[in-house]
Amino acid sequence: MNGDNVGPNFIRDIVEEDVRANRDGGIVVTRFPPEPNGYLHIGHAKAVCLDFGMALDFGGRCHLRMDDTNPSKETEEFVEAIKTDIRWLGFDWGDHFYYSADYFRKMYDIAEELIRHGHAYVCGLSQEEWKTYRGVPTAPGTPSPHRDRPADESLDLFRRMRAGEFADGELCLRSRIDMASPNIHFRDPVLYRILHTPHYRAGDSWCIYPMYDFAHPIEDALEGITHSLCTLEFEVHRPLYDWVIDRMDELGMLKSVNGVKIRPRQREFARLNLSYTIMSKRKLQQLVAEKRVSGWDDPRMPTLAGLRRRGYTPEAIREFARRIGVTKFESLTDMALLEHCLREDLNRRAPRAMAVLRPLKLVIENYPDGDEETFDAVNNPEDPAAGTRKVPFSRELYIERDDFMENPPAKFHRLAPGREVRLRYACYVTCTGVEKDSAGNVTAVLCKFDPQSRGGGTPDGRRVKGTIHWVSARHAVPAEFRLYDRLFTKENPADESDGSPFVDHINPASLETVQGWVEPLMAFAAPGTPVQFERLGYFCPDLRDAEPGKAVFNRSVTLRDSWARAMKAGKED
RNA sequence: UGCCCGAUGGUGUAAUGGUAGCACAACAGACUCUGGAUCUGUUUGUCAUGGUUCAAAUCCAUGUCGGGCAACCA
């Protein structure tokens, strides 16, 4: 029963032990419960992979449930986006798609039962007053003056709350637990509040809404969830979760499967933090609202929609989730690991092509002007089955500006006056001179080619140190390239303890747009399909802006570049 | 100065009383028609102090540091 969707971790150990002990009849049912008030991000992907992965690995199932108990922030748009993203990631909830809102009636009935049994009461304290009564972590609270309200009276008041007789905040339903508890969440937490706000799904049928702490365990219990996995900040809520489950048990409302009563248990793990980006929904929302990015799906965003548009694959993200593991340690994971997972996946799968981002004209003086020919190029050296393609060649080519230097350092393997390089898949050329404009800028590189080197080698077996990519000027298709870099310059922009807001650390160079050329076949690349532009990186035609006749490529991630690294380290000589 | 949780190389994670391992990153080399990929090698670690034990990253105690908790948010 050991799949490999989820690697070894303490949650897996717990589930394994539960199954071994035949707890809940040995079945595993998890759930992923997003609130539809924003887009899913890579941090959610970690949770999705855990929730669905555990179910998959133990032959169980995972429910998708919109945790929509707060009508003021939730919309249908987000529901659809969430479903799209989870499907894209590669997970399937089958028929088990739920809304918290669909349980409102049941929750209301349970609340009434709690009142009857003395577990809850209607409280008329204002939020401001409650602050005083609740006490602080270091000192016990004092009971609300309404704590001893008779059940009949609370029931009447609660029904009138539901009927809309009171204004927002005028009354609330409170659990009756322990005002002296060292755990603040046990000091008679609110179960229901009055909110005269229509719900995107339930419409205006309710003006009272359940709180998360009340709703969540009920949903889990009704659905027969065995393992309710959530993030660390809910750890202190666990006693309350268990309290509600106990009440459900008393009411005989725990689900039974094959005669076995299912008792949901909450387990907590650390959320994902990634270097040079942010994971807070609120902050992401702020980037969108302030138009610092183009939207939730801006390719620089850590949202799944953004990563998808950037060219990330579900496989890479799932592998990333597997590798980071699951612990209770609040870590800051290196973005380089995510990038590594993408490169690893794309290196295996992405077809190669040639593109020139910053063009410099190269003229082969001894190549006849009107002539042209094609060379065979390998589509993917990692996958022989991908075959080869024909790439057109002629007298005038574009090469990368970076691939030519007039006065190169010793270890520069590319083109320079008098130096010979290989044009990838084509032939050897030797630089014979340059053309310059009046300002002294090189406008073209002049070369002669060795006709015997056609195909990329020579009879005399002489070696060249460099191989550079190119496109034939006459055949090239113009293209826009969007070169993305990390969104922030600070490793942990979410940390504002130094007084600087995260938006102050947005990387001004996170997007650079350049106009260049691609080989002809790339004009037909389908949006979203990955390609490696040789020696540059992995790209994909933009999902939004690429269309027939308009080539727009997003750079997903660069290739590892040891030359650039050496240059940066100042070791070029 | 209450309650809860955590601490293993630069980063992330494994070892469940018995040789501290893996991955990423970094560095070095080999190979190469991508300065890519691949392969080989190197550097760096159990928060501290006690205790239990033949044996402690692991169990216990104390301390230190970090995180969470005082929404009618989730």
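The radius of gyration is taken over C-alpha atoms, and the globule rule is 2.2 Å times the number of residues to the power 0.38. This is a predicted model: local features need pLDDT of at least 70, side-chain atom pairs count only at pLDDT 80 or more, and totals for chains, interfaces and linings use all residues. Residues are numbered from 1 along each chain as its sequence is written, chains are lettered from A and ligands numbered from 1 in the order in which they are written, and side-chain values use heavy atoms, with hydrogens and water left out.

**Exercise 1. Describe the overall form of chain A.**

Step 1. Start with the globule rule. A compact globule of 573 residues would have a radius of gyration near 25 Å. Chain A has 31 Å.

Step 2. Turn to the box. Along the principal axes, the C-alpha atoms of chain A fill roughly 100 × 50 × 45 Å.

Step 3. Count the elements. Chain A has 13 helices and 27 strands. Helices (H or I, at least four residues) and strands (E, at least two) are DSSP runs, numbered from the N terminus.

**Exercise 2. Work out the sheet that holds E1.**

Step 1. Find the order. This open sheet has 3 strands, E1-E2-E3, with parallel pairing. Two strands pair if DSSP finds at least two bridges between them.

Step 2. Find the edges. Strand E1 (29-32) and strand E3 (97-99) each pair on one side only. Neighbouring strands are turned by 30° against each other on average, direction ignored.

Step 3. Look at one pair. Strand E2 (residues 61-66) joins E3 over 3 bridges in the parallel sense. Leucine 64 has phenylalanine 97 in E3 as its bridge partner.

Step 4. Add the helices. Helix H2 (residues 42-57) lies across E1 and E2, at about 160° to E1. Helix H3 (residues 76-89) lies across E1, E2 and E3, at about 160° to E2. Axes are lines fitted to C-alpha atoms, for helices over the stretch in contact (heavy atoms within 4.5 Å). Angles run from 0 to 180 degrees between N-to-C directions.

**Exercise 3. Trace the two hairpins that share E19.**

Step 1. Take E18 and E19. Strand E18 (residues 420-423) pairs with strand E19 (residues 427-436) in the antiparallel sense over 4 bridges. Glutamate 420 has threonine 430 in E19 as its bridge partner.

Step 2. Check the turn. There are 3 residues between the strands, and tyrosine 425 takes a positive phi near 70°.

Step 3. Take E19 and E20. E19 pairs with strand E20 (residues 442-449) in the antiparallel sense over 7 bridges. Cysteine 431 stands opposite cysteine 447 in E20.

Step 4. Check this turn too. Here 5 residues lie between the strands, and glycine 440 takes a positive phi near 90°.

**Exercise 4. Work out the sheet of 7 strands and its helix.**

Step 1. Read the order. The open sheet runs E12-E25-E26-E27-E23-E24-E13, with mixed pairing. Its edge strands are strand E12 (352-353) and strand E13 (355-356).

Step 2. Place the helix. H12 packs on the sheet and touches E12, strand E26 (537-541) and strand E27 (551-558). The direction of H12 makes about 120° with that of E27.

Step 3. Look inside. Strand E23 (residues 477-484) and strand E24 (residues 511-518) are antiparallel over 8 bridges. Leucine 483 has glutamate 512 in E24 as its bridge partner.

**Exercise 5. Describe the surroundings of RNA strand B.**

Step 1. Count the residues. RNA strand B is surrounded by 68 residues (each with a heavy atom within 4 Å). The closest are Asp13, Arg134, Arg414, Arg422 and Gly455. Sugar and phosphate make up 67% of the strand B atoms that come within 4 Å of the protein.

Step 2. Sort them. The surface divides into 22 nonpolar, 21 polar and 25 charged residues. Ala, Val, Leu, Ile, Met, Phe, Trp, Tyr, Cys and Pro count as nonpolar, Asp, Glu, Lys and Arg as charged, and the others, Gly among them, as polar.

Step 3. Find the elements. The largest share, 4 residues, comes from H12.
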